Amino acid sequence: MPDIDCNRASAMATLLRGILVLYMVLVVVNARVLAPHPFAGEVQQNFISNVFDTSKYGILQLQNGLARTPQMGWNSWNFFACNINETVIKETADALISTGLAALGYDYVNIDDCWSSWSRDLKGQLVPDPNTFPSGIKALADYVHSKGLKLGIYSDAGAFTCQVRPGSLFHENDDAALFASWGVDYLKYDNCFNLGIEPQKRYPPMRDALNATGRTIFYSLCEWGVDDPALWAGKVGNSWRTTDDINDTWASMTTIADLNDKWAAYAGPGGWNDPDMLEVGNGGMTYHEYRAHFSIWALMKAPLLIGCDIRNLTAETYEILSNEEVIAVNQDSLGVQGRKISESGTNGCRQVWAGPLSGKRLVVALWNRCSEKVTITAAWSSLGLESSTPVSVRDLWKHEVVMENKVASLSALVEAHTCEIFILTPQTVTHSII
């Protein structure tokens, strides 16, 4: 009988320990699910609702140490398409340094499609095109690394790339090992010629292959949003395309912003929604439209991958891409994607986008998608604040505080096809003695 009692006691202790461990796991998981409202804490009494759904925040992200904030850098496709070579890549790396853009965080130099030969070699390995990359990718990576930058490369989760070069489907282990041996830091992985195999089966093998190399390589899924990657890609890659390719037009940019907005609750440190690269500076939109493009991409925590020719920047393009205050919104440590809060006017052309930032702050963009200048208002109630909550208002394009102890709402007259972007910081009200 004593042995039976001891066994029962041991079993009970084991059960209790299991229950305790399960409880602790649930506490940790629940603690990660919901980020605090930015105005919680010292102004908790003014909080009325959390309009920024973060219920999916942080629960899926791939824990490989990368993408604590959205990636920044440059990609060759939007301007050069297939007209790339090792000289262009080297000169772009040089330009990132000489312009000061690298110092602002643009540190990935990403080669897109067309870098490889039309076929694999006799050993089944990918081969750089000898006409455009005669020195090879390893030498190019060494050059880029010597500048303190990182090199990205491109492949496809299909039989061929979109430009009909060899894809990596069924070659994941060999190709990942090759990329790692070259010193590659980033892989954009496309979706062409996918043989009808569902993406949930095609993308994880490359994740596993990259991890097996022992080299830390950023994994960017380019699945075009076909199968709602925000629902599953967080445990596969560090970013995932939520949309089809962007093009350099106002219609394309605004449409893509709306499509990406749907998935705001799923982004967070470690994994980001990707509405495709920046078109700023490529000539298809106006200065105001590009400023809106950059502001909204920053607010949405989208990757900031420059898509123009950095070697020949105009003053206006440089002004937009180098705005440190807007970049800081994108790179904010809280890592909650901003989103569309309200719309009004014809076809919803008067829009308010907003998101929480660290330090109990809010970023608010008043985005005019109308064809004429209009006044746009963001009410505190739409931002989840009591109307009596006082804030300072900093204009991120004027680089100055434009209001102090502002309450109830924020209004601005906004030019057609642009947006004004502000940071709201809570203040303690001071009362004058009369």
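This note goes through a predicted model, taking the sheet, the helices beside it, the nonpolar cores and a few single residues in turn.

1. The open sheet has six strands in the order 9-10-11-16-13-14, and the pairing is antiparallel. Its edges are formed by strand 9 (339-344) and strand 14 (400-406), each of which pairs on one side only. From one strand to the next, the twist averages 25°. As background, the strands of a sheet pair through backbone hydrogen bonds, either parallel or antiparallel.

2. Beginning from the edge at strand 9, five bridges join this strand to strand 10 in an antiparallel arrangement, and Arg339 has Ala354 of strand 10 as its bridge partner. Strand 10 (residues 350-357) is in turn joined to strand 11 by eight bridges, again with the strands running antiparallel, and here Trp353 is partnered by Ala365 of strand 11. The hairpin made by strand 10 and strand 11 has three residues between the strands, and within this hairpin Gly359 takes a positive phi near 70°.

3. Strand 11 (residues 361-368) deserves a point of its own, since seven of its eight residues are buried and the strand is thus mostly covered. Besides its pairing with strand 10, strand 11 pairs with strand 16 (residues 418-426) over seven bridges in the antiparallel sense, and the bridge partner of Trp367 in strand 16 is Cys419.

4. Two helices should be viewed together with this sheet. Helix 8 (residues 250-261) packs on the sheet, where it touches strand 9, strand 10 and strand 11, and its direction makes about 140° with that of strand 11. Helix 9 (residues 287-299) lies across strand 9, strand 10, strand 11 and strand 16, and runs at about 40° to strand 16.

5. The largest nonpolar core holds 86 residues, of which Tyr106, Trp115, Phe294 and Trp297 touch the most other members. Helix 9 gives the most to this core, contributing seven residues. When neighbours within four places in sequence are left aside, the contacts of Trp297 include Ile246, Met253, Ile256, Ala257, Met277 and Leu304, as well as Asp276 and Asn330. Apart from the largest core lies another, of 21 residues, among them Leu366, Ala412, Val414 and Leu424.

6. Asp190, which lies in strand 4 (residues 186-190), may be worth inspecting by eye. Asp190 is buried yet has no salt bridge, and the nearest side chain of opposite charge, that of Lys188, is 5.0 Å away; since a salt bridge requires a distance within 4 Å, Lys188 does not provide one for Asp190. Not counting residues up to four places away in sequence, Asp190 touches Tyr154, Ser155, Asp156, Ala157, Cys162, Tyr203, Cys222 and Trp224.

7. Strand 4 also helps to cover helix 7 (residues 204-212), whose buried residues are Pro204, Met206, Arg207, Ala209 and Leu210; the elements covering these residues include helix 5 (172-182), strand 4, helix 6 (199-202) and strand 5 (218-221). After helix 7 comes Gly214, which has a positive phi near 85°.

8. Asn323 sits in the loop between helix 10 (315-321) and helix 11 (324-330). Asn323 counts as buried because its relative accessibility is 3%, where the cut-off is under 20%. Although Asn323 and Trp397 are 74 residues apart in sequence, they are 7.7 Å apart in space, C-alpha to C-alpha. Leaving out residues up to four places away in sequence, Asn323 touches Leu396, Trp397 and His399.

Definitions and conventions:
Residues are numbered from 1 along each chain as its sequence is written. This is a predicted model: local features need pLDDT of at least 70, side-chain atom pairs count only at pLDDT 80 or more; totals for chains, interfaces and linings use all residues. Side-chain values use heavy atoms; hydrogens and water are left out. Helices (H or I, at least four residues) and strands (E, at least two) are DSSP runs, numbered from the N terminus. Buried means under 20% relative accessible area, exposed over 50%, partly exposed in between (1.4 Å probe, protein chains only). Lys and Arg count as positive and Asp and Glu as negative; His and the chain ends are not counted. Contact means heavy atoms within 4.5 Å. Two strands pair if DSSP finds at least two bridges between them. Axes are lines fitted to C-alpha atoms, for helices over the stretch in contact, and angles run from 0 to 180 degrees between N-to-C directions. A nonpolar core is a set of buried Ala, Val, Leu, Ile, Met, Phe, Trp, Tyr and Cys residues joined through side-chain atoms within 4.5 Å.
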